[in-house]
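User: Please take a close look at how the helices pack against one another in this model, and follow the surroundings of a few chosen residues. A formal account suited to a first-year student would be welcome.

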Amino acid sequence: MVFSSESFLFLFLPVFLLVYYATPERLKSYAILAGSYVFYAWWRVDFLGLLFLATAFAYVIGQKVAKHRGTSLGRTYLIIGVVGCLGVLGIFKYLNFFIDSFAALLGTDTAGLGIHWRLILPIGISFYVFQALSYLIDVHRGDATADAPFIDFAAFIALFPQLIAGPILRYKDLEDQFRERTHSVEMFSDGFARFIIGLGKKVILADAVAPLADLAFATDNPGMALAWAGAAAYMLQLYFDFSGYSDMAIGLGKMMGFNFLENFRFPYISKSITEFWRRWHISLSNWLRDYLYISLGGNRKGAGRTYVNLMMVMVLGGLWHGANWTFVLWGFWHGGLLATERFVGWDRNAKNHWFALPLTLFFVLIGWVMFRAAYVGEAFEIYGGMIGLNGLIGDPTVWLSVTRESLVLTALAVMVVFAEPRISAAIDANGTGMTQIRTDGTAVANPTVQVLNTLAILLIGTVTILKLAEQSFSPFLYFQF
């Protein structure tokens with residue numbers, strides 16, 4: 001089940017919210033867990049057992065780690081927990097990759113090795129395993145407690161707004177909210193508006209630019225125009241698809257009384273790759289920094305070790321996205337850029353140069369080509385087209401499948417990318433008409449702006465529903481990770 005589907009919007013979500021708000025406060029975690037398990041089982045019931053076992057394993061080991069914190073036994077339990085979680089992720093996500101690579105090394109394929117099966121990747125496994133890992137490490141460090149009821153912990157791991165595509169939550173950020181949180185009409189309304197905005201990003205923008213990206217990557221030897229257009233379209237598609245999902249997850253969380261941390265902060269206005277990773281998929285960037293980069297020594301062991309650590313973290317971050325050499329090379333690309341920026345001081349001085357923004361966007365776009373490609377050779381076909389090896393236009397008949405609507409919405413997507421931070425800054429700055437000041441000095445919402453905001457949300461929601469009615473199934477890109 002996906003958020004941008006009629007079954008979720010008109011069946012699951014209304015029923016869940018009715019049950020959730022009808023449930024007494026002390027039992028709401030049961031409603032969350034039941035609803036989240038139904039949501040996950042909608043895809044495949046059999047993998048629900050794996051989710052439950054991973055949850056129970058992390059909970060039991062977490063209690064052992066807390067009981068023996070600061071001792072060698074506590075560290076042993078932590079190692080058992082980390083190895084267990086990574087083992088589950090390794091088997092289901094990377095075993096096929098290792099078998100394929102081994103077969104290729106021997107000059108054969110899996111059938112030649114006598115292997116005629118493939119493991120199915122459980123949806124969302126990367127996200128809930130990372131959440132379990134962060135819980136165990138935080139308990140070991142004393143940053144989180146292990147005294148919560150199992151039902152609260154299970155509800156945290158399975159929390160459906162973020163279960164299958166993030167953002168990556170940490171138990172230490174939500175444990176107080178599971179004990180006590182606020183439910184209000186204002187918070188619900190804010191969450192609903194955020195959800196509609198995210199849904200609009202996905203359906204109106206991401207899905208509209210997707211055909212252009214798909215066309216470029218499906219075309220053999222694309223011309224320069226198509227190669228650049230397709231790469232740029234994917235750059236937009238991935239942003240609006242994933243940031244839209246994060247908006248929806250944050251909005252759904254608010255509708256349930258939770259405050260999730262932001263996962264995107266206008267990444268395409270970054271003036272360095274270092275800044276980009278502070279703005280893009282923030283929950284993953286922070287996770288890799290806090291649990292991997294710092295554990296490897298961070299920047300505490302000299303410049304050379306710092307560059308190696310940056311490279312290792314980004315390569316492992318690339319592998320986290322998928323078992324494919326394209327993700328490994330994408331990780332090397334970003335790791336090399338981060339290390340280079342740190343070496344020359346660009347991460348500190350980039351904002352002083354007018355060309356910092358276009359240069360950063362160029363580097364990010366080059367990386368996204370490898371990230372999007374099904375295999376390394378496909379990426380280099382796009383790169384070849386981008387430098388003109390196949391001519392300016394290539395096969396002109398290829399462009400016949402590009403609709404005027406797609407081109408118009410692609411242009412709109414570009415405008416939204418650069419308008420978003422300005423709109424956000426205007427809203428954050430008082431004096432934009434968002435509030436009115438009474439004679440007694442208190443601030444109240446400006447009714448005119450409230451009406452305009454409501455009309456805007458209704459318009460986005462209406463257009464989105466109409467688009468959903470006319471298009472085929474379109475899953476979120478990050479479901480594959």
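Analyst: The account below begins with one pair of helices and then moves outward.

This is a predicted model, in which local features need pLDDT of at least 70 and side-chain atom pairs count only at pLDDT 80 or more, while totals for chains, interfaces and linings use all residues. Residues are numbered from 1 along each chain as its sequence is written, and side-chain values use heavy atoms, with hydrogens and water left out.

Two packed helices are described by the angle between their axes and the distance between the axes. Helices here are DSSP runs (H or I, at least four residues; strands are E, at least two), numbered from the N terminus. The axes are lines fitted to C-alpha atoms, for helices over the stretch in contact, and the angles run from 0 to 180 degrees between N-to-C directions.

The central pair is helix H5 (residues 125-141) and helix H6 (residues 150-158), whose axes come within 9 Å and cross at roughly 135°. H5 is therefore oblique to H6. The scale behind this word counts angles under 35 degrees as roughly parallel, over 145 as roughly antiparallel, 65 to 115 as roughly perpendicular and the rest as oblique. H5 contributes Tyr128, Gln131, Ala132 and Tyr135 to the contact, and H6 contributes Phe153, Phe156 and Ile157; contact means heavy atoms within 4.5 Å. Sorted by class, these residues are six nonpolar, one polar and no charged. In this sorting, Ala, Val, Leu, Ile, Met, Phe, Trp, Tyr, Cys and Pro count as nonpolar, Asp, Glu, Lys and Arg as charged, and the others, Gly among them, as polar.

Several residues show what surrounds this pair. Setting aside neighbours within four places in sequence, Tyr128 is in contact with Tyr40, Leu50, Leu51, Ala54, Ile123, Ile157 and Leu163. Thr55 belongs to helix H3 (residues 48-67). With the same kind of neighbours left aside (those within four places in sequence), Thr55 is in contact with Phe150, Phe153, Ala154 and Ile157. Thr55 counts as buried because its relative accessibility is 2%. Buried means under 20% relative accessible area, exposed over 50%, and partly exposed in between (1.4 Å probe, protein chains only).

The loop between H5 and H6 holds Ala146, which is buried, with a relative accessible area of 12%. Beyond neighbours within four places in sequence, Ala146 is in contact with Gly62, Gln63, Ala66, Tyr135 and Val139. Ala146 and Leu18 are 128 residues apart in sequence, and their C-alpha atoms are 31 Å apart in space.

Tyr128 also leads to the interior. In soluble globular proteins, nonpolar side chains tend to be buried together. A nonpolar core is a set of buried Ala, Val, Leu, Ile, Met, Phe, Trp, Tyr and Cys residues joined through side-chain atoms within 4.5 Å. The largest such core in this model has 141 residues, of which Phe8, Tyr128, Tyr268, Trp280 and Trp368 touch the most other members. H9 supplies the largest share of this core, 17 residues.

H5 has a further role as a cover. Helix H11 (residues 282-293) is mostly covered, with 10 of its 12 residues buried. Among those buried are Trp287, Asp290 and Tyr291. Their covering includes H5, helix H7 (171-179), helix H10 (273-279) and helix H12 (303-321). In the loop between H10 and H11 stands His281, which is buried, with a relative accessible area of 0%. His281 has a positive phi of about 40° although it is not a glycine.

A second pair of helices offers a comparison. The axes of helix H1 (residues 6-22) and helix H2 (residues 28-41) come within 9 Å and cross at roughly 160°. H1 and H2 are therefore roughly antiparallel to each other. In their contact, Phe8, Phe12, Phe16, Tyr20 and Tyr21 of H1 meet Lys28, Ala31, Ile32, Gly35, Val38 and Phe39 of H2. These residues divide into nine nonpolar, one polar and one charged.

One residue of H9 completes the survey. Ala229 lies in helix H9 (residues 224-255) and counts as partly exposed, at 22% relative accessibility. Not counting residues up to four places away in sequence, Ala229 touches Leu212 and Trp399. Ala229 and Tyr135 are 94 residues apart in sequence and 42 Å apart in space, C-alpha to C-alpha.
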